Amino acid sequence: MNLDFSPQELQFREEVRQWMRENAPPDPAGVKLGIPLDKATQMAWEQRLASKGWLAYTWPKEYGGPGWTVTQRHIFEEERAAAGAPNSGPFGLAMLGPVLMAFGNERQQQRYLPRIAAGTELWCQGYSEPGAGSDLASLKTQARRDGDHYVVNGQKIWTTQAHWADWMFCLVRTHPDVPRQQGISFLLIDMRSPGIEIRPIITIDGHHHLNEVFLTDVRVPVENLVGQEGQGWTIAKYLLTFERTTIAGVADSKYEIGRLKAVAVRHRVDGHALIDEPGVSERIAELEIDLLALEYTNLRALDRLARGKAPGAESSGLKIRGTELQQAISEAMVDLGGQDALPWLSTEPAGDPAFDSATVRYNFLRASSIYGGSNEIQKNVIAKQLLGGGH
Ligand SMILES: Cc1cc2nc3c(=O)[nH]c(=O)nc-3n(C[C@H](O)[C@H](O)[C@H](O)COP(=O)(O)OP(=O)(O)OC[C@H]3O[C@@H](n4cnc5c(N)ncnc54)[C@H](O)[C@@H]3O)c2cc1C
């Protein structure tokens with residue numbers, strides 16, 4: 001993309017590129033191929049970034065971030081993805097962080113934010129329940145006040161990395177008798193609390209990302225309530241706009257298109273390069289044009305953030321287009337690989353190393369149009385917020 005970068009920004013890009021070259025974990029970790037890292041490798045990477053002051057790279061200086069401009073963040077993401085380095089876990093950094101800055105009290109900010117920025121405490125997100133996904137406001141996990149504690153009972157599901165997390169930010173029902181949105185509160189729950197049971201869910205890629213979390217008489221100090229009782233729905237929606245912007249994954253899609261192009265030029269079928277097969281270059285060009293449009297939209301959303309505003313309904317548009325593009329790129333990779341891309345699990349070698357894990361990635365990315373609120377629900381959000389329709 002031909003943005004006009006200032007000499008300082010170009011110098012900054014060089015600095016980030018150089019640092020990534022020297023510090024990004026080696027590729028055998030599987031990052032580029034969509035194989036999840038183990039917890040120790042992921043944490044070591046995040047702590048290396050933290051020691052440079054770059055883990056909480058979207059945060060202002062006063063909360064332990066580098067205080068970068070929108071352009072610097074954009075450059076950083078591009079260089080991180082281009083180096084094939086893993087994305088940092090989003091739950092503390094991209095979701096809870098902004099919520100605590102906006103709704104947390106000073107004690108909460110001082111207790112939690114520095115450890116997120118240092119990469120020493122991991123978080124998970126306890127929103128979804130078996131009966132509450134798209135219709136999140138129907139959640140049933142109950143928090144009953146008992147002196148200076150809440151007693152929490154219920155079940156969460158699809159909880160990414162609950163098995164890694166030290167803490168869970170959790171939506172609970174504190175008031176069963178009021179209109180349902182008004183009865184929800186936002187609690188911070190220590191995952192080592194007695195009464196928490198975590199059961200794994202293995203996804204189609206053969207990996208353990210997800211869990212069920214059962215809460216039985218879990219005692220949570222009242223001081224772990226963020227905002228006011230009953231303010232949970234407002235906080236949850238605020239957090240979701242940040243989550244959706246993160247999911248768009250523009251820098252990573254750019255990296256993936258680069259990989260697709262390289263493979264198409266390098267890989268040979270019937271004596272000629274794949275790129276010379278009918279329709280292949282057109283297909284890649286279409287993806288690239290879509291990516292360019294998405295990149296501009298993403299920059300507009302980042303600009304809004306830079307002006308101190310939370311992302312609005314455009315975060316839903318970004319989520320839809322960003323995930324559609326991720327899916328389209330992974331589909332193109334599988335199509336181009338043909339039989340070389342057949343292995344279903346990342347432990348099986350593909351016919352050509354270029355197509356290792358193409359199907360694994362394709363399979364896992366089916367979920368991207370579901371998590372963070374399904375794409376159908378994003379269309380409802382856009383209809384309500386931008387077109388003024390609905391209820
Ligand atoms: C890989 C992965 C990771 C996840 N990680 C987390 C996590 O860490 N924490 C967490 O809390 N949750 C997590 N989730 C859960 C995710 O947020 C939910 O799956 C999602 O919100 C959809 O809810 P549901 O699965 O209950 O589907 P349902 O709500 O049952 O929806 C089923 C289908 O119906 C459609 N639909 C439903 N209502 C409407 C409507 N009103 N209009 C149009 N279409 C509609 C949906 O779009 C979908 O296609 C994760 C999910 C996945 C797949």
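A charge is taken to sit over a ring if NZ of Lys or CZ of Arg is within 6 Å of the ring centre and within 35 degrees of the ring normal. In this predicted model, R145 lies over the face of Y150, at 5.8 Å from the ring centre. A further case is R366, placed over the face of Y362 at 4.0 Å from the ring centre.

To set these contacts in context, it helps to look at the chain as a whole. The domain assignment divides the chain into domain 1 (7–88), domain 2 (123–230) and domain 3 (248–385). Between the C-alpha centres of domain 1 and domain 2 there is a separation of 30 Å.

Rings also meet one another here, and a search of the whole structure finds 15 aromatic pairs. One of them joins W54 and F76 edge-to-face, with 5.8 Å from centre to centre and 80° between the planes. This pair links distant parts of the chain, 22 residues apart: W54 belongs to the loop between α2 (39–51) and α3 (70–82), while F76 is in helix α3. W54 is buried, at a relative accessible area of 6%, and F76 is likewise buried, at 3%.

W123 and W167 make a stacked pair, 5.6 Å centre to centre with 25° between the planes. Because W123 lies in strand β1 (residues 123–126) and W167 in strand β4 (residues 167–173), the pair ties together parts that are 44 residues apart in sequence. W123 counts as buried at 3% relative accessibility, and W167 is buried with a relative accessible area of 7%.

Finally, ring pairs join F12, W19, W45, W54, Y57, W68 and F76 into a cluster.

Methods:
Residues are numbered from 1 along each chain as its sequence is written. This is a predicted model: local features need pLDDT of at least 70, side-chain atom pairs count only at pLDDT 80 or more; totals for chains, interfaces and linings use all residues. Side-chain values use heavy atoms; hydrogens and water are left out. Domain bounds come from an automatic or database domain assignment. Rings of Phe, Tyr and Trp (its six-membered ring) pair if their centres lie within 6.5 Å; planes under 30 degrees apart count as stacked, over 60 as edge-to-face and the rest as tilted. Helices (H or I, at least four residues) and strands (E, at least two) are DSSP runs, numbered from the N terminus. Buried means under 20% relative accessible area, exposed over 50%, partly exposed in between (1.4 Å probe, protein chains only).
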